[in-house]
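Reader: Could you walk me through one part of this model up close? I'd like to see how the pieces fit together there.

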Protein chains: 2
Amino acid sequence: MQINAMNQFEIMHLVEHAKVGRLACVHEGQPYVIPMNFVCRLGYFYSFTTYGRKIEWMRVNPQVCLEFDDISGTNNWQTVIVVGEYEELTDDPEHLAARNEAHALLSKRAEWWQPAYVKTVIRDHVRSLEPVYFRILIKEMTGHKAVK
Amino acid sequence: MQINAMNQFEIMHLVEHAKVGRLACVHEGQPYVIPMNFVCRLGYFYSFTTYGRKIEWMRVNPQVCLEFDDISGTNNWQTVIVVGEYEELTDDPEHLAARNEAHALLSKRAEWWQPAYVKTVIRDHVRSLEPVYFRILIKEMTGHKAVK
């Protein structure tokens with residue numbers, strides 16, 4: 001088996017066709033991983049969620065990692081790793097354009113972003129519905145694939 | 001949609017049937033995520049890889065997170081998060097029993113663990129073949145699933 005670097009086309013193809021990415025953030029040396037949906041555009045990954053622990057953590061430490069993969073078997077897999085920085089898209093005028101762009105991009109994948117926003121019940125507690133838009137600045141994005 | 005906690009049976013079923021888990025580790029506040037294969041047994045996740053950056057990082061900071069999921073769609077997903085601690089299974093006599101157990105468990109999934117060990121070529125450089133066995137002590141393991 002040979003492991004090759006993926007080119008930019010291959011990386012973007014994987015990222016755009018992956019159902020979910022896995023977002024890792026850190027709090028006091030302890031990492032945490034969550035599957036989420038992302039839309040990539042012009043150097044950023046856009047996403048949307050409800051307020052929770054991961055948002056608290058990324059506000060304190062914006063250093064994050066995204067991972068996308070397509071794994072069919074031992075000799076047939078691709079994986080893309082993104083080293084990035086969390087940027088919250090608040091209601092502030094300075095974020096308005098980016099926030100609108102995030103909304104427009106994510107709306108196209110309504111089937112995916114809605115679940116984070118619909119009223120959910122976790123262990124009999126009604127979950128906060130405070131929406132949080134954010135984007136991940138791509139600092140480094142690399143991909144590798146297995147070749148027989 | 002409702003999000004419910006998974007019980008222990010559901011958690012173990014997902015973990016044992018997931019093709020891969022995503023392992024997150026941290027170096028100086030920067031997280032890093034890699035898809036890997038794990039076998040769960042008696043409070044630990046066992047795995048095997050070749051020496052590389054992730055091993056260096058986990059030797060310095062053993063705090064890790066594992067994520068397993070089964071995502072079919074918006075209203076049909078399960079995800080398990082493990083907060084854990086990296087333990088390397090060296091050649092030392094104190095690790096011998098655990099290392100042998102790791103080898104026995106992982107050998108049963110030969111199709112999955114072999115790729116980390118077979119001779120691979122990355123961008124024309126032959127990759128180190130130094131094998132590293134390790135396990136992740138489960139400190140906390142929780143699962144959530146979507147229910148329509």
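Author: **Strand β6 of chain B and its partners**

R22(B) stands opposite E67(B) in β6(B). This is a predicted model, where local features need pLDDT of at least 70, side-chain atom pairs count only at pLDDT 80 or more, and totals for chains, interfaces and linings use all residues. Residues are numbered from 1 along each chain as its sequence is written, while chains are lettered from A and ligands numbered from 1 in the order in which they are written.

So much for housekeeping; back to the strands. Strand β2 (residues 21–27) of chain B runs antiparallel to strand β6 (residues 63–73) of chain B, and 3 bridges join them. Strands here are DSSP runs of E with at least two residues, numbered from the N terminus, and two of them pair if DSSP finds at least two bridges between them. β6(B) also pairs with strand β7 (residues 76–89) of chain B, again antiparallel, over 10 bridges. In that pairing D69(B) sits opposite T79(B) of β7(B). With 2 residues between them, β6(B) and β7(B) make a hairpin.

Now for the core. A nonpolar core is a set of buried Ala, Val, Leu, Ile, Met, Phe, Trp, Tyr and Cys residues joined through C-beta atoms within 7 Å; buried means 20 or more other C-beta atoms within 10 Å of a residue's own, with C-beta atoms placed from the backbone. The largest such core has 58 residues, and those with the most contacts inside it include V64(B) and L66(B), along with A24(B). β7(B) gives the most to this core, with 5 residues.

Methods. Helix = DSSP H or I, 4+ residues; strand = E, 2+ residues; numbered from the N terminus. Buried ≥ 20, exposed ≤ 12 C-beta atoms within 10 Å, placed from the backbone.
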